[in-house]
Amino acid sequence: MPKLEPKVVQKELEQGYLWPVYWLYGSERMKIRELLRRIRKAVLGDEGSALGLGSMLSEDLFDATDLSAGGASAILDAAQSSALGGGLRLVIVREAHALKEPEVLASLFGPRVKTPDSRLVSVCVFLSKDLDGRKKFSKALLENAAVVACEEVPEAEREAWVQYLAKRRGLNLEPRLVTLLSQLDPWSLDSIDQELEKYSIGESADVIFAGAGASGSLAHSVEGFLDALLTKNLAQALKSIDSFADSPDESLPLLGLLAWNVRHLALLVAERESGTRSGLKLSPYVAERLQRWGRHWKLSEILELQQRLEELDYSLKQTPLLPLGAWAGLVLSIQSQ
């Protein structure tokens, strides 16, 4: 069978369906944790999962990095053992990509069933960083188990995820904050949820970007610098540098934001100059800003700016150059174009 989307598995669980074996993999740890929580609830029930009774009576936990050769047999034994107190047994295997001789686990494979079903004795959930498609066992997994890719969120879907995570915390974010959060780099659901937690406590946009600088709100400073730089208002851009340049906690996230915007600006300008459409999907708020900025740039200039951003990233992280001078050099390089 093909790989399953997390939302498909969630729907199956809501309908009472379970697979004997789940293989959850990918870089989005929040998606994996949420699926594991739902599977645990479906296997152990509300009371067992909430009170931790499942951990004592019906749940086994393994870490594949701690298992020696033949360790997969211990997982097999646990999965084939009856749960104390009746019901299903839940077996969880962390770092499953490190399993040695996983082929012995093939006997656990089976079809999806609707519970209760006497054929289902246990549910095994393997948590892995990846799925090596070259291995014979991986091919068997794809054919006989629920393989779920919990991969990074595409850029076009980030704003929707930011809004979902904000709503889950009871927050109502301004469009500009949704956009800024969707452009953070590096980006993950966990990092965004952490920023939203800080926002809910501080009740200010400042805390999302590591606190306000001496000159005022950093969130507004970020937007001010981006707009000044990308409209080529270089005098204003130079004035804004003092508010963030000497603070890595502020300047590095800003560099990520700038790189994201410049990358999409390059696509937009390339569309304009070639007369073609790339199918780039952006929110109206972002599209309006990029259209406005794009009027100030040629594609060759944008590509040169991308190169200078890479050089700035290296300078800030790997060289002893003063950050203020490095940022000023970026702004002044635009003047020479």
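Buried means under 20% relative accessible area, exposed over 50%, and partly exposed in between (1.4 Å probe, protein chains only). Helices (H or I, at least four residues) and strands (E, at least two) are DSSP runs, numbered from the N terminus. The model here is predicted, so local features need pLDDT of at least 70 and side-chain atom pairs count only at pLDDT 80 or more, while totals for chains, interfaces and linings use all residues. Residues are numbered from 1 along each chain as its sequence is written, and side-chain values use heavy atoms, with hydrogens and water left out.

**Exercise 1.** Let's start with the whole chain: find how many helices and strands the protein chain has, and what share of its residues is buried.

*Solution.*
- Step one: the protein chain has 14 helices and seven strands.
- Step two: of its 337 residues, 46% are buried.

**Exercise 2.** Test the length of helix α13 (residues 299-318) against its expected span.

*Solution.*
- Step one: the expected span is 1.5 Å times one less than the number of residues.
- Step two: for the 20 residues of α13 this gives 28 Å, and the end C-alpha atoms lie 29 Å apart, which agrees.

**Exercise 3.** Work out which residues of α13 are buried and which are exposed.

*Solution.*
- Step one: Glu301, Ile302, Leu305, Leu309, Leu312 and Ser315 are buried in α13.
- Step two: they cover an arc of only 125° around the axis (taken from the directions from the helix axis to the C-beta atoms), so they sit on the same side of α13.
- Step three: Ser300, Glu310 and Gln318 are exposed on the other side of α13.
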